[in-house]
Amino acid sequence: MKLATQPTVKTLGDYAYQAIEKHFKKTLKWEKSVKKDEDPEALHQMRVGMRRLRTSVTSFGLAVDVPKPVNDKNIGKIARRLGSLRDLDVLKESLENNYKPNLPCKEQESLQTAFNALAKQREDVLSNVQKTLKDESYKSLKDALDKWLEKPSYQALACFAIQQVLPDLLLPEVSSFLLHPGWLVGTQFVESEVKIQKNWKPEKIEKQLTTEGEILHSLRKEAKRLRYQMELFSELYGDSYAAYLTEVKNIQEILGTMQDSAVLTDWLTDVFKSEIQTELPTLATLLTQNRYQSWQKWQPLQERYLKAETKHSFHLTILHPLSGVIVSG
C-alpha cells in the first residue's frame, strides 16, 4: 500500500501559489450566497477572502507573473464594494446589539428612523454589489486566476528558498507600520524624546479624535495590511512572531472600534440632520464612553510601540525565521 505524501512548500514561488489558490477558492466559495444576499457571514467571509487575495497578489508580485486582470486596482475595487455592504451590516448589528438594549424607550423608538434609512441605503449598495459580481472586470479576474492556477507562471525570484527572502518581504511593511504618524497622536516631544499625554478627560479625547481621527484610521489600515501579510508566514516563525502578530491584530481592532464609533456618530448625525446629543442623548453618551474606553486600551500599546527596544526586537524577530521548516501543502 502506497502512502500519499503531502507536497512541501519550499520556494517563494510555491508559497505564492499556495496563498493565491487558498484565498481565491475562499472567495469563490461564498460568491453564490452573497449574490442571493442569504447570510451576512457569507458577505463577511467573501470580503475577507478578497482582501487576503489582494494581499497575496501584491506581496508575491515580485515572484509571480500573473495575467493583467489580476491586479491590485481590480481586486481592490471589488473588495471595496463588498466592504461598503459589510460596513452597513456591521453598523446595523452594532446599533441593534450593543446600543439599542441600553437605551430608554423614547430613544429606541427614535432609532427606528435610523433603521429605516439603513435598510434603504443597504438596498442600493446591495444592488451595486450584485452588479459588480456580474460585470466584466470580476469575470475576467476569475477567468485569469483560473488559468494561472492551472498553468502558473513565475518570475526569477520565485526560485529562492522561502526563508532566504522572508525578512526582505516583511521588513518594508513592518517599517511602514512603525513609522506611521498615527503613533504620534496625543504625544509631544520633550528634548527629542516622545512622551504620551496621559489622564485626559473624555472631552479632550473627543477633541483629539475629531482632529486626528483620520490619521488613526490610516494607522489601523496599515496594521491590517501588516497583519494580513504576517499571517501568510505564521508557520515559518516561532512564539515571538506570534506575539507580535497578536499585538498588531489588537492595535487594528482597538483603532477599529474607535473608528466604527466615529462613523456611527457621523452617520446618525446625517440621518437625523442634527447633532445626536439632541435626538439620542443616551446613545451619544454611550458612544463617547466607548471611544474613551478604546483610548485607554490603545495608550499602553502606543507607548510600547514608540519604544526603540520594541521596534528593534520586532525587526530581529522578522530577521530570524525558523530554519529548515517543512510546511505541508
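Which elements of the chain have the lowest and the highest mean pLDDT? In this predicted model, strand β4 (residues 327–328) sits at the bottom with a mean of 44, while helix α11 (residues 308–319) comes out on top with 97. For the chain as a whole, the average pLDDT is 92, and 95% of the residues score at least 70. Two stretches fall below 50. One of them covers residues 1–5, which make 0 contacts in the model beyond near neighbours in sequence. The other covers residues 325–329, and here the model does show contacts beyond near neighbours in sequence, 17 of them. Some caution applies to such stretches: where pLDDT is low, the predicted coordinates should not be read in detail.

Turning to the overall build, the chain has 11 helices and 4 strands. Its C-alpha atoms fill a box of roughly 70 × 55 × 40 Å, taken along the principal axes. Of the 329 residues, 44% are buried. The accessible surface adds up to about 17,700 Å², and carbon and sulfur atoms account for 51% of that. As for how the chain meets itself, take the contacts between residues at least 6 apart in sequence: 82% of these join residues at least 24 apart.

What lies inside? The largest nonpolar core has 90 residues, and F177, F233, W298 and F314 are the ones with the most contacts within it. Helix α8 (residues 239–272) supplies the largest share of this core, at 12 residues. F177 gives a good view of the surroundings. Setting aside neighbours within four places in sequence, F177 is in contact with W183, L219, E222, A223, L226, V248, I251, Y305 and F314. F314, then, appears both in the list of F177 contacts and among the core residues with the most contacts.

Another residue to look at on the inside is S56, found in helix α2 (residues 40–59). S56 counts as buried because its relative accessibility is 0%, against a cut-off of under 20%. Leaving out neighbours within four places in sequence, S56 is in contact with A19, I20, H23 and L232.

On the outside, L62, L157 and F160 make a nonpolar surface patch of about 220 Å². Within this trio, L157 lies in the loop between α5 (136–150) and α6 (162–178). The relative accessibility of L157 is 33%, so this residue counts as partly exposed.

E123, in helix α4 (residues 105–132), is exposed, with a relative accessible area of 58%. E123 and L85 are 38 residues apart in sequence, and their C-alpha atoms are 9.3 Å apart in space.

Finally, a couple of loop residues have backbone angles worth a look. E191 has a positive phi of about 50 degrees, although it is not a glycine. This residue is found in the loop between β2 (187–190) and β3 (193–196). Is E191 buried or exposed? With 77% relative accessibility, E191 counts as exposed, since the cut-off for that class is over 50%. N199 also has a positive phi without being a glycine, in this case of about 55 degrees. Its place is the loop between β3 and α7 (202–231). N199 is exposed, too, with a relative accessible area of 76%.

Notes: Residues numbered from 1 in each chain as written. Predicted model: local features only at pLDDT ≥ 70, side-chain atom pairs only at ≥ 80, totals over all residues. Heavy atoms only, no water. pLDDT = per-residue confidence, 0-100. Helix = DSSP H or I, 4+ residues; strand = E, 2+ residues; numbered from the N terminus. Contact = heavy atoms within 4.5 Å. Core = buried A, V, L, I, M, F, W, Y, C linked by side-chain atoms within 4.5 Å. Buried < 20%, exposed > 50% of the residue type's maximum accessible area, 1.4 Å probe, protein only. Patch = residues over 30% accessible without salt bridge, like charges linked within 9 Å, V, L, I, M, F, W, Y side chains within 5 Å. Areas by Shrake-Rupley, 256 points an atom, 1.4 Å probe, with all protein chains shown as cover. Salt bridge = Lys/Arg side-chain N within 4 Å of Asp/Glu carboxyl O.
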